[in-house]
Amino acid sequence: MGLREWALGGVLLSPFLIYVLLALLLTGLLRFILRLTPLGRWIWHEALFDCALFVCVLALVTLYL
């Protein structure tokens, strides 16, 4: 895909914006799955875990795409 801007109605959009939205969606899905399993109760600081999980998922999405 590359990191070239997309013109959408005269507005230039960075593909990194799409990566961030995809990572946010995947992080929400993973977080929902963790809440359903017993692994969710081992999370000590939820906000810190959510932020770290988002950064890891964003790095994987960026690396993959």
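Helices here are DSSP runs of H or I with at least four residues, strands are runs of E with at least two, and both are numbered from the N terminus. With that in hand, let's look at the chain. This is a predicted model, where local features need pLDDT of at least 70, side-chain atom pairs count only at pLDDT 80 or more, and totals for chains, interfaces and linings use all residues. Residues are numbered from 1 along each chain as its sequence is written, and side-chain values use heavy atoms, with hydrogens and water left out.

**The overall picture**

The protein chain has 2 helices and 2 strands. Start at the N terminus and you'll meet them in the order β-β-α-α. Picture a box around the C-alpha atoms: along the principal axes it takes up roughly 45 × 20 × 15 Å. The radius of gyration of the protein chain is 15 Å, while a compact globule of 65 residues would come out near 11 Å. (That radius is taken over C-alpha atoms, and the globule rule is 2.2 Å times the number of residues to the power 0.38.)

How much of the chain is buried? Of the 65 residues, 17% are. Buried means under 20% relative accessible area, exposed means over 50%, and partly exposed is in between, using a 1.4 Å probe and protein chains only. The accessible surface adds up to about 5,300 Å², and 76% of that belongs to carbon and sulfur atoms. These areas come from the Shrake-Rupley method with a 1.4 Å probe, and for residues only the protein chains shown count as cover.

**An aromatic pair in helix α1**

Rings of Phe, Tyr and Trp (its six-membered ring) pair if their centres lie within 6.5 Å; planes under 30 degrees apart are stacked, over 60 edge-to-face, and the rest tilted. By that rule there is 1 aromatic pair. Phe-16 and Tyr-19 make it edge-to-face, at 6.4 Å centre to centre with 80° between the planes. Because they sit 3 residues apart in helix α1, about one helical turn separates Phe-16 from Tyr-19. Tyr-19 is buried at 3% relative accessible area, whereas Phe-16 is partly exposed at 38%.

**Arg-31 and its partners**

Side chains of opposite charge can pair when their charged atoms come close. A salt bridge puts a side-chain nitrogen of Lys or Arg within 4 Å of a carboxyl oxygen of Asp or Glu. The structure holds 2 of them, listed here:

| Salt bridge | Closest N and O atoms | 
|---|---|
| Arg-31 with Glu-46 | 3.1 Å |
| Arg-31 with Asp-50 | 2.6 Å |

The Asp-50 bridge links distant parts of the chain, as Arg-31 is in helix α1 and Asp-50 is in helix α2, 19 residues apart. Together, Arg-31, Glu-46 and Asp-50 are joined into one network by salt bridges that share partners. Is Arg-31 buried or exposed? Arg-31 counts as buried, at 8% relative accessibility. Glu-46 is partly exposed at 45%, and Asp-50 is partly exposed at 27%.

**A nonpolar patch**

Patches are built from residues with over 30% relative accessible area and no salt bridge, joining like charges within 9 Å and nonpolar side chains (Val, Leu, Ile, Met, Phe, Trp, Tyr) within 5 Å. On the surface, Leu-22, Leu-25, Leu-26, Leu-29, Phe-32, Ile-33, Leu-36, Tyr-64 and Leu-65 form a nonpolar patch with about 950 Å² of accessible area together. Which helix gives the most to the patch? Helix α1 (residues 15-36) does, with 7 residues. Leu-65 lies in the segment after α2 (46-64), and Leu-65 is partly exposed at 41% relative accessibility.
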